[in-house]
Each structure stands twice: as C-alpha cells, then as structure tokens.
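Q: I am new to this structure and should like to study one part of it closely. Please describe a single strand, its partners and its surroundings in one connected account.

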Amino acid sequence: GPLEELPHSAMTRLFQINVIGQVEVTQKVLPGMREQGRGRVVFVGSMLGSFPLAHRGSYGASKAAVKAFAFSARRELRGFGIGVSVMEPGAIDTGISQRRTVYVDRNGPYAEEFGTMLENLNANEAVGISADRVADEIMAAVTDPRPKPLYAAGSNAGLAFPASRLLPRDAMHGIIAKRHGM
C-alpha cells in the first residue's frame, strides 16, 4: 500500500518475516559454520530491494534491509570461510497475487494509481519465472566456489542491473514505474 496508508502492524509483520526471520535463522547456524571453518549463507531478497516501486515501499525496504545485512555479513564472515550472498529474484509465478494483503483506501487519493500498479504487478508475476528457477539460482550461489555478492534472475535482471550502473537513478526508477503502468 501507499506509505501514508500503511498500518504499523503490517510493517512490523513484514519486517519480522522478511528481515528478522532470515537474520535469526542465520544467527543460529553461524556458530556451527565457524567451527567447521566453512559455510554458505544465501539471503533471499528481491529486485524491489534494488529497484523500489511506488506503493511497494514497505516490501522493497524489507528486501533492501536483507541486502544490507547480507553485504555486511559477507565482510564479517569471510575470515571464517563462510560465503554470503543475496539472491534478488524479479517477478516469480507463485500465485501470490491471489493471497496478497492490500492496504489502500479504495476511495482515497492513491487508489487509482495503486490499482494500476497492482494490476500490472499481478500480470508481471503471472508470467514471472518459476520458483524452481529461483531455487536453481540459490543453488548456484551455494555451490559457486567463489560466490558473488549478488545473484538475480527474472524481470530482465540481466539488463536491469547493468543499466542501473549506466543510467541516472531517476531514469531507472522511471523505467520501473512505466513497467508497472505508472
């Protein structure tokens, strides 16, 4: 939902699941990895953590936080033989659009643009990559002898990330918005 209309409880729940959950699981496995002198951690982010989308700020922020934890841990843990990466998938065809929780005042000032964004988001997800493809990318990060900081798949990731290094940030944000009908 739009920033102005997001309930505190929804943001808390989202960060608990997307950020704190991954961090706490990682904290539980790190002692064993350190003792073994090796290990691999792959955090699951989202391309929306790198390319924010209007009305999806809470989700994008949670995934950006995951990315920050992953990149920070990458430096902290490398001396212990533990590789850390983040996987940022784009749209995935999981059927989430039928289960998505929506926070918007249907008669409010954001309703029209939100509806357009949601319609396009759902359409993008319906033709998104499969969960199996995301799992394959995660396994690539796990098995890579020299793990990269970032793995990404779907939503033109192979074009979006290089373009983001060449284009001004506002231009990239405009492209993302246009892809979602805004």
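A: The account below begins with one strand and then turns to other parts of the chain.

The model is predicted. The strand chosen is β2, which spans residues 82-89. Eight of the eight residues of β2 are buried, so the strand is largely enclosed by the rest of the structure. In a regular strand, side chains alternate between the two faces of the sheet. In β2 both of these faces are covered. One side carries Ile82, Val84, Val86 and Glu88, the other carries Gly83, Ser85, Met87 and Pro89, and all of these residues are buried.

The strand has pairing partners. Strand β1, made up of residues 39-44, pairs with β2 in the parallel sense over six bridges. Within this pairing, Val42 stands opposite Ser85 of β2. Strand β3 also runs parallel to β2, and four bridges join the two. Here Glu88 stands opposite Ala152 of β3. Strand β3 covers residues 150-153, and its side chains alternate in their surroundings. Tyr151 and Ala153 point to one face and are buried, whereas Leu150 and Ala152 point to the other and are not. This contrasts with β2, where the residues on both sides are buried.

Within β2, Glu88 deserves particular attention. Which residue forms a salt bridge with the side chain of Glu88? The partner is Lys67, and the N to O distance is 3.6 Å. Glu88 lies in strand β2 and Lys67 in helix α2 (residues 57-77), so the pair ties together parts that are 21 residues apart in sequence. Are the two partners buried or exposed? Glu88 has a relative accessible area of 0% and is therefore buried. Lys67 is also buried, because its relative accessible area of 18% falls under the 20% limit.

The side chain of Glu88 takes part in a further interaction, a polar contact of 2.7 Å with the side chain of Ser50. The wider surroundings of Glu88, leaving out residues up to four places away in sequence, consist of several stretches of the chain. Glu88 touches Gly45, Ser46, Met47, Gly49 and Ser50, and also Lys67. The residues touched by Glu88 further include Leu150, Tyr151, Ala152 and Ala153, together with Phe161. Ser50 and Lys67, named above for their side-chain interactions, are thus among the residues that Glu88 touches.

At the start of β2, a link to helix α1 can be described. Arg34 is found in this helix, which comprises residues 8-36. Apart from neighbours within four places in sequence, Arg34 is in contact with Phe80 and Ile82. Arg34 and Gly81 are 47 residues apart in sequence, yet their C-alpha atoms are 7.5 Å apart in space. Arg34 counts as partly exposed, because its relative accessibility is 41%.

Another salt bridge involves the loop between β2 and α3. By the rule used here, the count of salt bridges comes to two. Besides the bridge of Glu88, the side chains of Glu125 and Arg100 meet at 2.4 Å, N to O. Glu125 belongs to helix α3 (residues 111-126) and Arg100 to the loop between β2 and α3, so that distant parts of the chain, 25 residues apart, are linked. Both partners are buried: Glu125 has a relative accessible area of 12%, and Arg100 has a relative accessibility of 18%.

Helix α3 also contains Asn124. Asn124 counts as buried, at 15% relative accessibility. The side chain of Asn124 makes a polar contact of 3.4 Å with the side chain of His180. Beyond its neighbours within four places in sequence, Asn124 is in contact with Ala91, Arg179 and His180.

The loop between β3 and α5 holds both Ser155 and Asn156. Ser155 has a positive phi of about 45° although it is not a glycine, and Asn156, likewise not a glycine, has a positive phi near 60°. Ser155 counts as partly exposed, at 26% relative accessibility.

Finally, the surface may be considered. Leu166, Leu167 and Ile175 form a nonpolar surface patch, with about 310 Å² of accessible area together. Leu167 is found in the loop between α5 (157-166) and α6 (169-179), and Leu167 is partly exposed at 35% relative accessible area.

Definitions and conventions:
Residues numbered from 1 in each chain as written. Predicted model: local features only at pLDDT ≥ 70, side-chain atom pairs only at ≥ 80, totals over all residues. Heavy atoms only, no water. Polar contact = N/O pair within 3.5 Å; in protein donor to acceptor, adjacent residues only side chain to side chain. Contact = heavy atoms within 4.5 Å. Patch = residues over 30% accessible without salt bridge, like charges linked within 9 Å, V, L, I, M, F, W, Y side chains within 5 Å. Areas by Shrake-Rupley, 256 points an atom, 1.4 Å probe, with all protein chains shown as cover. Salt bridge = Lys/Arg side-chain N within 4 Å of Asp/Glu carboxyl O. Buried < 20%, exposed > 50% of the residue type's maximum accessible area, 1.4 Å probe, protein only. Pairing = 2+ DSSP bridges.
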